[in-house]
Amino acid sequence: WMLLTVRYLAAVTVVTAIGIVAALAVSAAAFGGNPFVNPLLGKDILALVLGAFAYSGAFVLVSVVFPTRAMIICLVYVFGWEGLVPNMPGTMYYLSIFSHLQAIAQHPVQSDTNPFIIFLASMTGTNTLSASVSVPVLILIPVATVAAAAAWFTHFEFVPRDDE
């Protein structure tokens, strides 16, 4: 379990660092060289960090349970489930990590935006989640998925040998 958890934390660190650098670069480009003028930057960085933990946890669990098909399953999840569920009517968006990230970031939707762009950004549905609900959910997801992955890995994958 320790080997899997440390690798998970290393992956989260790399993804978070790359995401924060990219967010600062985009913010600097959009706000004339000073990224800290962006009023949404703090919420975006919080969403990036929590998203890195949540998605990495889900992907680690999938990679341990389905080792030969993990990449395919994760890509279908990200581009299928996460792309479509937030756009569905009703309350299906509760089951999407991306909907919780949007609730934390709280980006405004402009009415003059191209409908195709709004669909790609998964903003056609009615997301009424609040940050006070989404933050605990995004903390619980990686805890549960990494714990399940570590238990699975310990019992089914990493079997210690007698000669060591």
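Setting aside neighbours within four places in sequence, Ser-56 touches Tyr-8, Val-12 and Gly-51 in this predicted model. Ser-56 belongs to helix H2, and with a relative accessible area of 11% it is buried. Two of its partners, Tyr-8 and Val-12, lead straight into the largest nonpolar core, of which both are members.

This core has 10 residues in all: besides Tyr-8 and Val-12, it takes in Leu-4, Ala-52, Val-60, Val-64, Val-146, Ala-149, Ala-150 and Phe-153. At least two residues come from each of helix H1 (2-30), helix H2 (41-65) and helix H6 (131-157), and H6 makes the greatest contribution, with four residues. Ala-149 offers a handy place to look at the packing: leaving aside neighbours within four places in sequence, its contacts are Leu-4, Val-60, Leu-61 and Val-64. Another core, of nine residues, lies apart from this one, and includes Ala-47, Leu-50, Ala-54 and Ile-97.

Aromatic rings come next. Across the whole structure, a search returns three aromatic pairs. In one of them, Tyr-8 and Phe-53 meet edge-to-face, with 6.3 Å from centre to centre and 65° between the planes. Distant parts of the chain are linked by this pair, since Tyr-8 sits in helix H1 and Phe-53 in helix H2, 45 residues apart. The two rings differ in their surroundings: Tyr-8 is buried, at a relative accessible area of 5%, while Phe-53 is partly exposed, at 29%. Because buried means under 20% relative accessible area, Phe-53, at 29%, does not count as buried. Elsewhere among the aromatic residues, Tyr-55, Phe-59 and Tyr-77 come together as one cluster.

Definitions and conventions. Residues numbered from 1 in each chain as written. Predicted model: local features only at pLDDT ≥ 70, side-chain atom pairs only at ≥ 80, totals over all residues. Heavy atoms only, no water. Core = buried A, V, L, I, M, F, W, Y, C linked by side-chain atoms within 4.5 Å. Buried < 20%, exposed > 50% of the residue type's maximum accessible area, 1.4 Å probe, protein only. Contact = heavy atoms within 4.5 Å. Phe/Tyr/Trp six-rings, centres within 6.5 Å; stacked < 30°, edge-to-face > 60°.
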